[in-house]
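Me: Got a model open here and I'd like to walk through its fold. Can you take my questions as they come?

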Amino acid sequence: MEVISNGIRSSRSHSGHQMENRNPKIRAVNLGGWLVTEGWIKPSLFDAVPNKDFLDGTGLQFKSMMVGKYLCAEFGGGRRLVANSTGTPAGRCPAGSGPQWETFRLWRINERLFNFRVANKQFVGLDSGGDGVDLVATRDSPGTLETFEIVRNTDDPSRVRIKASNRCFLQVKTEERVTADYQCDESNVWRDEDPSVFVMSFTKRLEGEFQVTNGLGPQKAPEVMREHWSTFIVEDDFKFVAENGLNAVRIPVGWWIASGPNPPRPYVGGSLAYLDNAFSWAEKYGLKVIIDLRAAPGSQNGWERSSSRDGFCEWGDTYDTIQQTLHVIEFLTSRYTKSPSFYAVDLLNEPLAETLPQETVSKYYIAGHNAVRKHSSSAYVIMSCMLETSSKELLLPDATSLDRTVVDMQCYFLCDTELDTIQDTLPLFYEDWFAQLESLATSNGPLIFVGEWAAEWGPNGATKEENQEYVEAQLEAYGKATFGWAYWTLKCEEDFWSLEWMMKNGYIKL
């Protein structure tokens, strides 16, 4: 079966059994930001994190004031640290080949100490050979020599010194040599000609489950997370969903939910009890439940919503990460298979095609389908399209022999701000999503699920009527999906991403 990232092509026919199960369609809402953290949905989760500028995965660049150039890992890692990058493509990886050489990704040890990871995934540290003061990026895992402290100027926090584990500061001796042998009082004048002074800039920030739990630490994180789980989504929310024309919820979960009361650090145990509550409430109000594996071990896309520690996608790099994931799928299926609300399992949300081999994902989908079938003959198995492909095409397994399978193609039509009116927007929308979904509805391909969509619209100052017209167009289009759709999300501090807000304010009526 061949699939396009914003559409589906299939060369096979579905069995009559699958065709019989195209109805009733799912009209669902995602319970995003509940059991898997996404900082933009509820930013206040991070309020209690000390020194929260420096979360795991924060991208930093350091410009030497003395030489006027950036620190960088030579060739992206595996060699020495230098200070010869101008911040232009000449000082970076070749165009399109990878991250910037002068960007360092933080691993947070505590609120004061950090590791720096570079483009090729090595860690910056002191060279253990020679006089032990030269900086290199050669270690695959961090230790004492790879530990640093960032000391900020209280009058200008963008000016920093970096203290190494030998208690000396980094200094730029030449553009080709950076050492950790500068000694000074931290209150020294922060002069431009000081070889230990850098201007620090932020290039990226992640706010996911890893960041909030590691940032809060093992004492505070359990308190904050359990308070969040018990208050963010409650029984009344399921009642609201059922009373407003929806028949299902899609619940994102992370792999650690299957790790018992003491999951690997920094994760907090206990979220499984709240998923149990969700099934009880769904049964009470007659709702179906779709379990969405949003975060796999190592991260399948490098984004905060998959709990990436530092923005790298490392799921599938080892056999163990895939086996762990299959264990999670089997664990959740066996736990809920007897619930009348258990309807489907989404095997892997948004795998990233730019870093994951298609063969790896395809084999995992087949194994994941088998894991579900060990415990349930009726649950649908959802396979997410791979995202961000340059060719716009990807391969999913030939599912001729796989029953009750669904393809998730998430639809975010976030229009260009140059499209000022609804009259400008709708023709492009109809040309894009509407036409594709309409053609797929009559094909012999797999069941299609719009697992996420939102009513956010680019132009500022749009009238309520224009927004309503935009929502109605999307509902009409996504209604063509043969399995159904799920809005992103029930609750969010960004109004148009919150279905609850949209419904209560009259933008969406079902």
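**Strands, turns and a cavity**

Reply: Let's start with β3 and β23: they run parallel and are joined by four bridges. Keep in mind that this is a predicted model.

Me: Which residue in β23 is the bridge partner of V29?

Reply: Y487 is the partner of V29 there.

Me: And how many bridges join β3 to β16?

Reply: Three, and β3 and β16 also run parallel. V29 has V249 as its bridge partner in β16. A28 stands opposite A248 of β16.

Me: Is β3 mostly covered or mostly open?

Reply: Mostly covered. Of the five residues in β3 (26–30), four are buried.

Me: What do these strands build together?

Reply: A closed barrel of eight strands, with parallel pairing. The order is β3-β16-β17-β18-β19-β21-β22-β23. From one strand to the next, the twist averages 25°.

Me: Which helix lies across β16, β17 and β18?

Reply: That is α5, residues 319–336. α5 runs at about 160° to β17 (288–295).

Me: Back to the barrel strands. What does β22 pair with?

Reply: β21 (405–408) pairs with β22 in the parallel sense, over three bridges. β23 (484–487) pairs with β22 too, again parallel, over two bridges.

Me: Which residues stand opposite each other there?

Reply: V406 stands opposite L447 of β22. On the β23 side, F449 stands opposite G484.

Me: Where do the β22 side chains point?

Reply: They split two and two. L447 and F449 point one way, I448 and V450 the other. All of these are buried. In general, side chains of a regular strand alternate between the two faces of the sheet.

Me: Changing topic. Which peptide bonds should I look at for cis geometry?

Reply: Look at R265 to P266, which is cis with omega near 10°. Then look at W488 to T489, also cis, with omega near 0°.

Me: Where do P266 and T489 sit?

Reply: Each is in a loop. P266 lies between β16 (248–254) and α4 (271–285). T489 lies between β23 and α9 (499–504).

Me: Why flag those bonds at all?

Reply: Because most peptide bonds are trans. The same background covers phi, since most residues other than glycine have a negative value.

Me: OK, so which non-glycine residues have a positive phi?

Reply: R167 is one, at about 70°. E350 is another, at about 50°.

Me: Where is R167, and is R167 buried or exposed?

Reply: R167 lies in the loop between β12 (159–163) and β13 (169–174). Its relative accessibility is 64%, so R167 counts as exposed. The cut-off for exposed is over 50%.

Me: And E350, buried or exposed?

Reply: Buried. Its relative accessibility is 2%, and the cut-off for buried is under 20%. E350 lies in the loop between β18 (342–346) and α6 (358–373).

Me: There's an aspartate I'm curious about, D237. Which helix is D237 in?

Reply: D237 lies in α3, residues 235–243.

Me: Why does D237 count as buried?

Reply: Because D237 has 6% relative accessibility.

Me: What is D237 in contact with, beyond its sequence neighbours?

Reply: Leaving aside residues within four places in sequence, D237 is in contact with F232, L490, K491 and E500.

Me: Last topic, cavities. How many does a search of the whole structure find?

Reply: The search finds one cavity of 30 Å³ or more.

Me: What volume does the largest cavity have?

Reply: The largest cavity has a volume of about 50 Å³.

Me: Which residues line the largest cavity?

Reply: The lining is F62, L71, L81, F104, F116, V124, L135, F148, I162 and L170.

Me: How does that lining divide by residue class?

Reply: Ten nonpolar, no polar and no charged residues.

Definitions and conventions
Residues are numbered from 1 along each chain as its sequence is written. This is a predicted model: local features need pLDDT of at least 70, side-chain atom pairs count only at pLDDT 80 or more; totals for chains, interfaces and linings use all residues. Side-chain values use heavy atoms; hydrogens and water are left out. On a 1 Å grid over the protein atoms alone, a cavity is a set of points where a 1.4 Å probe fits but cannot get out, and a pocket is an open set with protein on both sides within 12 Å along at least five of seven lines; lining residues have an atom within 4 Å of a point. Grid points are joined across faces, edges and corners, and a volume is the space filled by probe spheres set on the points. Ala, Val, Leu, Ile, Met, Phe, Trp, Tyr, Cys and Pro count as nonpolar, Asp, Glu, Lys and Arg as charged, and the others, Gly among them, as polar. Buried means under 20% relative accessible area, exposed over 50%, partly exposed in between (1.4 Å probe, protein chains only). Two strands pair if DSSP finds at least two bridges between them. Axes are lines fitted to C-alpha atoms, for helices over the stretch in contact, and angles run from 0 to 180 degrees between N-to-C directions. Contact means heavy atoms within 4.5 Å.
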